[in-house]
Amino acid sequence: MSEKSFYDKISSIDVRLIYVSIALVLSSVIINPIGMPITIGEHATNLYNFIEQLPEDSLILIGIDFDVGLYSEMGFSLEAIIKHISSRGLRFIALSIHMDGPVNWAKANSRIDFPSNYIYGEDYVYLGFIAGQETAQAAIASDLKKVVTSDFMGIPFSELPIMNGVENSQDFAFIIEVTGQGHNIDSTARQYGSMFNRPLAYAVAGAAIPLAMPYYPRLALAVLPSIIGAAQYEYLADVPSSALKATDAVSLAHIFLFGLLILSHIGFWGQLSKAKRSGGKIV
Amino acid sequence: MTAVPTLFKRKIPIAMTFIIALVVALQYGIEHPYIITSSNTLKIFGVVVSSIAIILASLTLVISQMGYVVKKKADYWVGGLASLIFFAIFFSVGLVRGIESVEWAWIQKNIFSACTTALMGVAGFLFVSASYRAYKAKNIDGYLLLASGLLVMLSNTPAAVVLWPTFGPIGKWIMSVLNTNVQRAILVTVALGTVATAIRTVLGWQRGYMD
């Protein structure tokens, strides 16, 4: 059996070694953050500035529509945005058209320290999961109180002062959709943005950023990108939390992947060149 | 003799589809109170039907998994049994104790959330190793994809942007010029196809939804 060349070796690193390496790299910076600097992007800045200039009696609609497994990508954005909204005393209504929404809300709610004068039912409420995807959004945008009559815990709207006077999407100053799914991005743009001309913003998973970018900047004033956007927003809103701690891990993971891809291609090109010289092929 | 089945199986559903679609579509052009009220009511019907669909999906899940368990289908029955056990746990806790109970919160956090997050975490490792093993640029398209992918990835790497700030504008240009324009073209094309399909469905020329 012929000995493997250098190029063969670097093209065929044992995947278990890759798994162990990435686990060690990530866990080391999560346990002991280095504190690498970050730059603030325009999307986080746009969203922050827009929320800062909203009048004090503004009502915001937040759509919590992502898989619970993606909490580390979008949940931190959700927390940072809610912390900023609550610190400014703005009111928000959250709801979900994704089945995992209630789980994500419960997690975010347990991790956020609301100001003492920020009261559930008066300043914020969670309406739970509403089935129907875009049909639900269309119904909510047209006539919210016909679709939902109580919050997630079954408290009727008559006992929730925040719901007084809320009829449809025209009553919302701003709509934020936190999602990882392309069809939610499109449906939000259609039902709230195009139909009712509501200002929109998205906080999306990394893989969904290209799907949300077509709506920027005309329909969506910001597309907060994944955990990086969350970290930038935490910095701007002065609510440092898990996303900022995770930026070291994100940086190292990306650099690790970059290095692996370069390595695999050096090996591949070396094998290709060797095969061409010897008149063979790489299978 | 076939007139009655055809009436109920084909003509009435097509007529209902046409009327409902017309009423909902008219709302976006005619602001008449009757049209708006009817359209809003129909949208609420859609929410109710979707909720019923979820119940139906749950029943289908239980029936299909029970089939695997009863028939002891190789490689399937263990997963089927686990699905049924957890379905029973979640269903009974939710029904008996309620979704605002401590027990429900516990099983959500410690079973559902923990398992789903672990699965997503494992997917990250798989993604890295799959990129290393499978992605090899062999032609000009591959090289362009590799280069643009690496540049966008580095523009989203905080440390890389601090080291060389030009990564930021390069990534932004790729996303906002190349990607956005192509995505918009795709969106418009999809929208045209959707309109064509919707017209065919509303007029009864396309009846796939009735099968």
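The legends below describe close-up views of a predicted model.

**View 1. Chain B as a helical chain.** The secondary structure of chain B consists of seven helices and zero strands, and from the N terminus its elements follow the order α-α-α-α-α-α-α. With a radius of gyration of 26 Å, well over the 17 Å that the globule rule gives for 211 residues, chain B is more spread out than a compact globule. The C-alpha trace of chain B spans about 75 × 50 × 40 Å along its principal axes. Of the 211 residues in chain B, 26% are buried. Among contacts in chain B with a separation of 6 or more, 26% are between residues 24 or more positions apart. The exposed area of chain B is about 14,200 Å², and carbon and sulfur atoms supply 75% of that area.

**View 2. The interface between chain B and chain A.** Contacts across the interface involve 49 residues of chain B and 62 residues of chain A. About 4,800 Å² is buried between the two chains, with carbon and sulfur atoms giving 75% of this area. On the side of chain B, the residues B:Phe125, B:Tyr132 and B:Pro158 supply 15% of the area that chain B buries against chain A, more than any other three residues.

**View 3. B:Gln183 and its partners in chain A.** B:Gln183 is located in helix H7 of chain B, which comprises residues 167–202. The side of chain A is represented here by A:Pro210, A:Leu211 and A:Pro214, with which B:Gln183 is in contact when its neighbours within four places in sequence are left aside. The relative accessibility of B:Gln183 is 18%, and because the limit for a buried residue is under 20%, B:Gln183 counts as buried.

**View 4. The ring pair of A:Trp105 and A:Tyr124.** Over all chains, a search of the whole structure finds 22 aromatic pairs. In the pair shown, the ring centres of A:Trp105 and A:Tyr124 are 6.3 Å apart and their planes stand at 50 degrees, so the pair is tilted. A:Trp105 belongs to helix H5 (residues 101–111) of chain A and A:Tyr124 to strand E3 (residues 124–129) of chain A, so the pair ties together parts that are 19 residues apart in sequence. Both partners are buried: A:Trp105 has a relative accessible area of 5%, and A:Tyr124 has a relative accessibility of 8%. The two residues also belong to a cluster linked by ring pairs, which further includes A:Phe92, A:Phe114, A:Tyr118, A:Tyr120, A:Tyr126 and A:Phe152.

**View 5. The ring pair of B:Trp164 and B:Phe167.** Among the 22 aromatic pairs found over all chains, the rings of B:Trp164 and B:Phe167 have centres 4.9 Å apart and planes at 90 degrees, so this pair is edge-to-face. B:Trp164 is partly exposed, with a relative accessible area of 43%, whereas B:Phe167 counts as buried at 15% relative accessibility.

**View 6. Lysine residues over aromatic rings.** In chain A, A:Lys107 lies over the face of A:Tyr71, at 4.7 Å from the ring centre. In chain B, the charged end of B:Lys72 sits over the ring of B:Trp77, at 4.9 Å from the centre of that ring.

**View 7. The surroundings of A:Asn104.** A:Asn104 lies in helix H5 of chain A and is buried, with a relative accessible area of 0%. Apart from its neighbours within four places in sequence, A:Asn104 is in contact with A:Ile64, A:Phe66, A:Asp67, A:Val68 and A:Tyr71. The last of these contact residues, A:Tyr71, is also the ring over whose face A:Lys107 lies.

**View 8. The cis peptide bond at A:Pro217.** A:Tyr216 and A:Pro217 are joined by a cis peptide bond, for which omega is about 5 degrees. A:Pro217 is placed in the loop between helix H9 (209–212) and strand E6 (220–225) of chain A.

**View 9. Positive phi values at A:Ser226 and A:Asp238.** Although A:Ser226 is not a glycine, its phi is positive, at about 55 degrees. A:Ser226 lies in helix H10 (residues 226–236) of chain A and is buried, with a relative accessible area of 9%. A:Asp238, likewise a residue other than glycine, has a positive phi near 60 degrees. A:Asp238 is found in the loop between H10 and helix H11 (242–278) of chain A; with a relative accessible area of 63%, A:Asp238 is exposed.

Technical notes
Residues numbered from 1 in each chain as written. Chains lettered and ligands numbered in written order. Predicted model: local features only at pLDDT ≥ 70, side-chain atom pairs only at ≥ 80, totals over all residues. Heavy atoms only, no water. Phe/Tyr/Trp six-rings, centres within 6.5 Å; stacked < 30°, edge-to-face > 60°. Helix = DSSP H or I, 4+ residues; strand = E, 2+ residues; numbered from the N terminus. Buried < 20%, exposed > 50% of the residue type's maximum accessible area, 1.4 Å probe, protein only. Lys NZ or Arg CZ within 6 Å of the ring centre and 35° of its normal. Rg over C-alpha atoms; globule rule 2.2 N^0.38 Å. Contact = heavy atoms within 4.5 Å. Areas by Shrake-Rupley, 256 points an atom, 1.4 Å probe, with all protein chains shown as cover. Buried area = accessible area lost by both parts, 1.4 Å probe.
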